[in-house]
Amino acid sequence: MYWKNSENSSYLRSIARFDQFDTIDWINETLKSNQHRFSSWIIDWLCLASIGVFVGIIAGCLNIITEWLTSIKNGYCSTAWYLNREFCCMGLSHDDCPFWNPWPASYLLYIGWSVLFASIGAILVKTYSKTAAGSGISEIKIIVSGFDFKAFLNQATLFIKSLTLPLVIASGLSVGKEGPSVHYAACVGSVVPSVLFSKYFNGLAFNRRHFITAATAAGVGVAFGSPIGGVLFAMEEISNFPLLSTFWKCYFCALCATATLASIDPFRNGQLVLFQITYNQTWYSFEIPVFMLLGLFGGLYGIVVSKLNIKVVHFRNRFLIPHAIKEVVYLTLLTSIICYNNVFLKDEMTKTMQFLFKECSPDSHSLLCTNDNSHKSWLVLSLLVATLIRSVLVIISYGCKVPAGIFVPSMAVGATFGRSVGLIMEILYASRETSWLFASCPKDGSSCITGGSYALIGAASALSGITHLTVTVVIVMFELTGAVNYIIPIMIAIAVTKTINDRYGAGGIADQMIKFNGMPFIDSKEQHEFFQDNATHKAMTLETVYFPLRLSYHDLEVILADTDYKAYPVLDQEGFCSGLVQREQLVAEIGRLKGQDRLQLETICMFSGDSSTNPFIEDLQDSETCYLDHLIKRDPVSVMTSTPLEISLDIFVKLGPRLILVKNSGGKLAGLLSRKDIIKYENYLHSTTHSIDENDQILLDEEQNYIEDRVWSFFCLIGSKFPKIGRKEYEPLETPDTR
């Protein structure tokens, strides 16, 4: 059986959304771009600066709005309603601030505000731009790799994403703004060139790829206050084939964005993010095993949360797509009810991390800076409970139909766990101060354990575990703290995290979502296996639609109407390929000729003006002939049928053609190979080689569906006890929309 006709369930899931993405021809786009080079380098850098400035302005506005919305849940400023608590009580202690008035019935209003913010965000997303939901990093990686996804980076998505992100973050849902920050930045990188510089770029995908990549660097830079971390993120996570020119564009764009954000100074304290801190203490060698323990936690966290979240997403896609707004409301209601009474869960996550990262000093009055070991024991328990609750909330919240990232929630989970470990170390040091284990500690009575550093390292480990990033995380944490001394502990922890992930994990959450959602993507940083079936002819498309050198205009129109391919090979009578014709250029030329009344149904269209190649040409008159040979691309990329697929894959990654012509030993066209073909074939091989037996897979799917059916029935039963909830009959739903 031909592999493309396979009904293997694992294979079919892996290609579920391939048709939603169009393949970009990077070679053709590069050639078109090179025709517009006049003073293009000036325009390029001006466009990059504009993108960076816009991203910085949006980030500054969103930070201010988010802070105010978060504060309004707890009270209001009597002197000026538009001030958040920090600005209202500037220069005063929060406990002694007469201008800040808490709400009466604060618990109920806290829940009410949270649900209101989340509801507005969910309604706006569902009504005006469904592509604004989720993180967006997976789709951005696919777009940069050469697959266009219409409407994902348009103006509507930019506006709705920016508008709803503060509402969602202020609602208290266990989702972060860093992933959505990358998405709205990528939208800016797509919109600015097409709107402000349309005269120069005219939608060229080649330029657009560089601008989007640079914009993602700016997005991470403003989200974490880490411009260099943003550049490394773009190189490590987003860029499919990084070049030095792309690196400098990312650097410049991130610089402009963070400089703009710094000039806005949204927190009025000189910090770009709330959890930016410094450490005065250093670390000691006896702490290395503890750092490794935190790295182990990060690796396990990434594996467990990714796996369980994918199961939740599967359940969501079956049952909750029609109830997207209700789901967000109930998630927010559950989150606010649970989190209100835990100090490590109640506040916005960046504030919580600022609290957890802080270093205790002799004059500190923080809840975490106590010398009472019994009180510390209760704090450890509270932090561990917060870690567990936050992890569960992340699993069920990430992927709901609002802007939702997973970076900061994962950091918050790691920070609470890390600070609990830090408190345990403090208790151990207080009770065993004279032990040989602490012999290297200072004897002047100063603190030997920096509890906040454990929270920092735990946050870094959890972030690395969920994203599978390494160098980026180290640099982001360094830029957040400025503590050169703690680079080595962070590197140790992340090395352990990566080791665990490589051995037992399945990659970062973005890559796993690409595979789960069945989207096309070639990861140039990974090894690709085709086993023994690695000849190119194994993966190529056998049924090829082509143009002969001579055909009627009627036949040409029929081919164009019946197919939607982006390019067509032109073959002579013997099967030799004369080149490729781009559909876009052909349609434009036909429209031009129609405007001149030069086309009739019986008009003969010629793809060759050479009589030696086409013996029929001498019998034709110009009045009844349409010459289209100037549209043929005479030098398309081609390989032999026996060429290893690894080489063909390398051609797609480094050159980026839309199609590769596959020729037999006689030089005649044997078939075509596209990027989607090669990905589908690799997925097919893995589904039949690495995956479990098809019958076993069916049993596992049935078992999972049975569990999901029981859960959904339980939800319907609970919902039926309340008015207007659960009245709809139980109806399992399957949908390809898995964003």
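The exchange below goes through some named features of this predicted model.

Visitor: What makes the contact between the side chains of Arg208 and Ser190 a polar contact?

Guide: The two side chains are joined at 3.2 Å. A polar contact needs a pair of N or O atoms within 3.5 Å, one able to donate a hydrogen and the other to accept it, so the pair qualifies. Arg208 itself lies in helix H10, residues 205-224. Leaving out residues up to four places away in sequence, Arg208 touches Asp148, Leu153 and Ser190.

Visitor: Why is strand E7 described as largely enclosed by the rest of the structure?

Guide: Buried means under 20% relative accessible area. In E7, residues 567-571, 5 of the 5 residues are buried, so the strand is largely enclosed. Ala567, Pro569 and Leu571 point one way, while Tyr568 and Val570 point the other way.

Visitor: How do you know that E7 and E8 pair?

Guide: Pairing requires at least two bridges between the strands. E7 and E8 (residues 577-582) have 5 bridges, in the antiparallel sense, and therefore pair. Among the partners, Tyr568 is bridged to Val581 in E8. The two strands form a hairpin with 5 residues between them, and Gly575 in the turn has a positive phi of about 95°.

Visitor: What makes E5 and E7 a pair, and do they run parallel or antiparallel?

Guide: E5, residues 547-548, is joined to E7 by 2 bridges. At least two are needed, so E5 and E7 pair. They run parallel, and Pro548 stands opposite Leu571 in E7.

How values were computed
Residues are numbered from 1 along each chain as its sequence is written. This is a predicted model: local features need pLDDT of at least 70, side-chain atom pairs count only at pLDDT 80 or more; totals for chains, interfaces and linings use all residues. Side-chain values use heavy atoms; hydrogens and water are left out. Helices (H or I, at least four residues) and strands (E, at least two) are DSSP runs, numbered from the N terminus. Contact means heavy atoms within 4.5 Å. Buried means under 20% relative accessible area, exposed over 50%, partly exposed in between (1.4 Å probe, protein chains only).
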